[in-house]
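Please work through the exercises below with the sequence and the model side by side, and try each task before reading its solution.

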Amino acid sequence: MDYTIPENLALMVETIRRFVKKDLDPISQQVEKDDRIPDGIVEAMRELGLFGLSIPEEFGGLGLGALGECLVYEELSKTNACFRTRVATNNGIGSQGIVLDGTPEQKERYLPRLASGEWTACFALTEPEAGSDAANIQTTAELVEGRWLLNGRKHFITNGSESHVATVFALTDKSKRAKGGITAFIVEKTYPGFSVGTIESKMGMRGSHTCELIFDNCEVPAENVIGGQAKVGQGFKTAMKTLDKGRLTMAASALGAAQRLLELSVDYAKQRVQFGRPIAEFQAVQFMLADMASQIYAARQMLYHAAWLRDKRGSAVIKEASMVKLFCTEMAGRVADMAVQVHGGMGYMKDYPVERFYRDLRLTRIYEGTSEIQRLVIAREMLKA
Ligand code: COS
C-alpha cells in the first residue's frame with residue numbers, strides 16, 4: 001500500500017491551504033455576521049478553479065477524481081463552511097446529473113459556464129413531503145405542445161437563490177414514481193414560471209442560502225430532459241448516482257472541519273491556564289484530545305480509501321460512500337462536542353469559531369442523506385442477493 005498523495009494533488013492542496021489561511025479564515029467571522037460572501041472572494045474562488053473541480057477538463061473544469069476533490073474540500077472546510085458550500089453544489093449535486101447523464105449538447109451548453117463559476121447550479125429534489133423518501137415528490141411535469149410544464153415547490157435548496165440553473169426532479173408518471181416515473185430536467189432561472197420563494201432562516205451555515213423554488217407552469221424546452229428523450233422516467237437513478245458521489249465530498253468536509261477543531265483545541269489547551277497550569281497538562285483534557293485525534297485518523301483512512309476505490313473502479317462505490325458519510329459526519333459531531341468542552345465557556349461564545357463549527361457541522365448529518373438513510377443504504381447493499 002502506498003499512501004503518498006500524488007504530487008499534483010499535494011500542490012493543489014497546498015494552494016488551497018494558503019488561500020484558506022490568507023484570504024478566507026481572516027474574514028470567516030465577518031461573513032458569519034454579514035451572512036454574505038464578498039464578491040471579491042467569489043471571484044478569487046473562480047480564479048482558483050474551485051467552481052469546476054469535478055467538471056471534466058474538456059469543459060473547462062479541473063477534472064479532479066474523487067480523491068482530489070475530497071482533498072480540496074478537506075482543506076476548504078477548515079474555515080467557515082459557507083465557502084465550501086458556495087462552490088460545492090456546482091461541483092457536486094448541481095452539475096453531476098449533467099456530467100453523468102447529460103447529452104453532448106447539454107454538456108456543451110452548461111458545463112463550461114458552471115466550471116468557470118459564471119453560472120451556479122443547484123439540485124432541486126427535496127420537497128415538503130419528500131425528504132428522506134425522495135421518491136415521494138409531488139412536483140409534476142407534463143409535456144404540452146412540445147415543451148414541459150413543471151408545477152410544484154421544492155424546499156431547502158442550497159444555493160437556490162444564487163443559481164442560474166437547477167437540476168429539477170419531477171413526476172412524469174405518478175404510477176411508476178422511482179421505477180420509471182421521475183424525470184430530471186435542467187431549468188434555467190429565466191424560464192417563465194420559475195421563481196425563488198422563501199429564503200430559510202437556519203441554525204447555522206450563515207453566508208450560504210437555502211430557499212424554496214417555485215414552479216408555476218414553468219416552461220422547460222423538450223431538449224432539457226437530462227440525457228434527452230430516452231431518459232424520460234429515469235431521473236430517480238440520476239438523482240441517486242449524483243447523491244452517491246456527493247457523499248464522499250460531504251464526508252471530506254466534515255473531516256476538514258474536525259481537523260481544524262482539533263488544532264484549535266490543542267492550541268487552546270496549551271495556552272489556557274487553570275489551577276496554575278495549562279489545561280493540556282490535565283489528563284481529562286488530554287483524553288479528549290486523544291479521542292478526537294484517533295477518530296479523525298480513522299475517518300481519514302476510510303475516506304481516502306473509498307475515494308481511491310472510486311477513482312480506481314471508475315464507478316460508484318455505493319456502500320462505501322454511505323459508510324464514509326455516516327462515519328465522518330458522526331465523528332465530526334463528536335469532535336465538535338469535545339472541542340466545545342475543551343474550550344469550556346469560551347467554546348460557547350460567538351467570538352470563538354468553535355461554536356460556529358459546532359452549529360454548522362450539525363447539518364452534515366442531515367443533508368445529502370441523513371445518517372439513517374446511510375445506514376439503510378449500507379444494509380440494503382449488504383443484504384441484497
Ligand atoms: N444508483 C443507481 N440507481 C439506484 C441507486 C443508486 N445508488 N439507488 C437506487 N437506484 C435505483 C434502483 O435500482 C431502482 O431502479 P429499478 O427500478 O431499475 O430497480 C430505483 O432507483 C428505485 O430505487 P429504490 O427502490 O431503492 O427506491 P426507494 O424509494 O426505496 O428509495 C432511498 C431509496 C431511500 C435510498 C432514496 O429515497 C434516498 O436516497 N433517499 C435519501 C434522499 C436524500 O439523500 N435526500 C437529500 C436531498 S439532497 S440535499
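The exercises that follow concern a predicted model, and each solution goes step by step.

**Exercise 1. The surroundings of the ligand**

Task: Find which residues come nearest to the ligand, and work out which helix gives the most to the shell around the ligand.

Solution. Begin with the residues themselves: there are 21 around the ligand, and those that come nearest are Ser132, Lys237, Asp244, Gly369 and Arg380. Next, look at individual atoms, where a polar side-chain atom of Lys237 lies 2.8 Å from an oxygen atom of the ligand, while an N or O atom in the side chain of Arg247 is 3.5 Å from a ligand oxygen. Gly369 takes part through its backbone, with an N or O atom placed 3.2 Å from an oxygen atom of the ligand. Then turn to the surface: the ligand taken alone exposes 1,000 Å², and the protein buries 73% of that. The space that the ligand takes is the largest pocket. Finally, assign the shell to elements, and you find that helix H8 (235–271) and helix H12 (371–383) are the ones that give two or more residues. Of the elements in the shell, H8 gives the most, with seven residues.

**Exercise 2. A leucine in helix H11**

Task: Decide whether Leu361 is buried or exposed, and list the residues it is in contact with beyond its neighbours within four places in sequence.

Solution. First place the residue: Leu361 belongs to helix H11, which covers residues 353–362. Its relative accessible area is 5%, and because a residue counts as buried under 20%, Leu361 is buried. Next, set aside the neighbours within four places in sequence, and the contacts that remain for Leu361 are Ala254, Ala257, Leu261, Ala332 and Ala336. As a last step, compare sequence with space: Leu361 and Ala81 stand 280 residues apart in sequence, yet their C-alpha atoms are 8.4 Å apart.

**Exercise 3. Two buried glutamates**

Task: For Glu32 and for Glu188, find which side chains they meet in polar contacts.

Solution. Start with Glu32, which lies in helix H2 (residues 28–34) and is buried, since its relative accessible area is 10%. One polar contact, of 3.4 Å, joins the side chain of Glu32 to that of Asn80, and another, of 3.1 Å, joins it to the side chain of Arg359. If residues up to four places away in sequence are not counted, Glu32 touches Asn80, Arg206, Arg356 and Arg359. Now take Glu188, which is found in strand S5 (residues 182–188) and counts as buried at 7% relative accessibility. The side chain of Glu188 has a polar contact of 2.8 Å with the side chain of Arg109. Among the further residues in contact with Glu188 are Tyr110, Trp119 and His164.

**Exercise 4. Sequence distance and spatial distance**

Task: How many residues along the chain separate Ala321 from Gln374, and how many separate Thr120 from Gly40?

Solution. Begin with Ala321 in helix H10 (residues 318–343), which counts as buried at 1% relative accessibility. Ala321 and Gln374 are 53 residues apart along the chain, and their C-alpha atoms are separated by 8.7 Å. With residues up to four places away in sequence left out, Ala321 touches Asp244, Arg247 and Leu248. Then move to Thr120, in the loop between helix H7 (104–116) and strand S1 (121–124), where the relative accessibility is 1% and the residue counts as buried. Thr120 and Gly40 are 80 residues apart along the chain, with 16 Å between their C-alpha atoms. The contacts of Thr120 include Phe51, Arg86 and Asn159.

**Exercise 5. Positive phi outside glycine**

Task: What are the phi values of Asn217 and Phe275, and is each residue buried, partly exposed or exposed?

Solution. Take Asn217, which is not a glycine but has a positive phi of about 50°. Asn217 sits in strand S7 (residues 210–221) and counts as partly exposed at 41% relative accessibility. Phe275 also has a positive phi, near 55°, although it is a residue other than glycine. Phe275 lies in the loop between strand S8 (273–274) and strand S9 (277–278), and because its relative accessibility is 79%, it counts as exposed.

Terms used:
Residues numbered from 1 in each chain as written. Predicted model: local features only at pLDDT ≥ 70, side-chain atom pairs only at ≥ 80, totals over all residues. Heavy atoms only, no water. Helix = DSSP H or I, 4+ residues; strand = E, 2+ residues; numbered from the N terminus. Buried < 20%, exposed > 50% of the residue type's maximum accessible area, 1.4 Å probe, protein only. Contact = heavy atoms within 4.5 Å. Near = heavy atom within 4 Å. Polar contact = N/O pair within 3.5 Å; in protein donor to acceptor, adjacent residues only side chain to side chain. Areas by Shrake-Rupley, 256 points an atom, 1.4 Å probe, with all protein chains shown as cover. 1 Å grid on protein atoms, 1.4 Å probe; cavity = no way out; pocket = protein on both sides within 12 Å on 5 of 7 lines; lining within 4 Å. Sits in = over half its atoms within 2 Å of the grid points.
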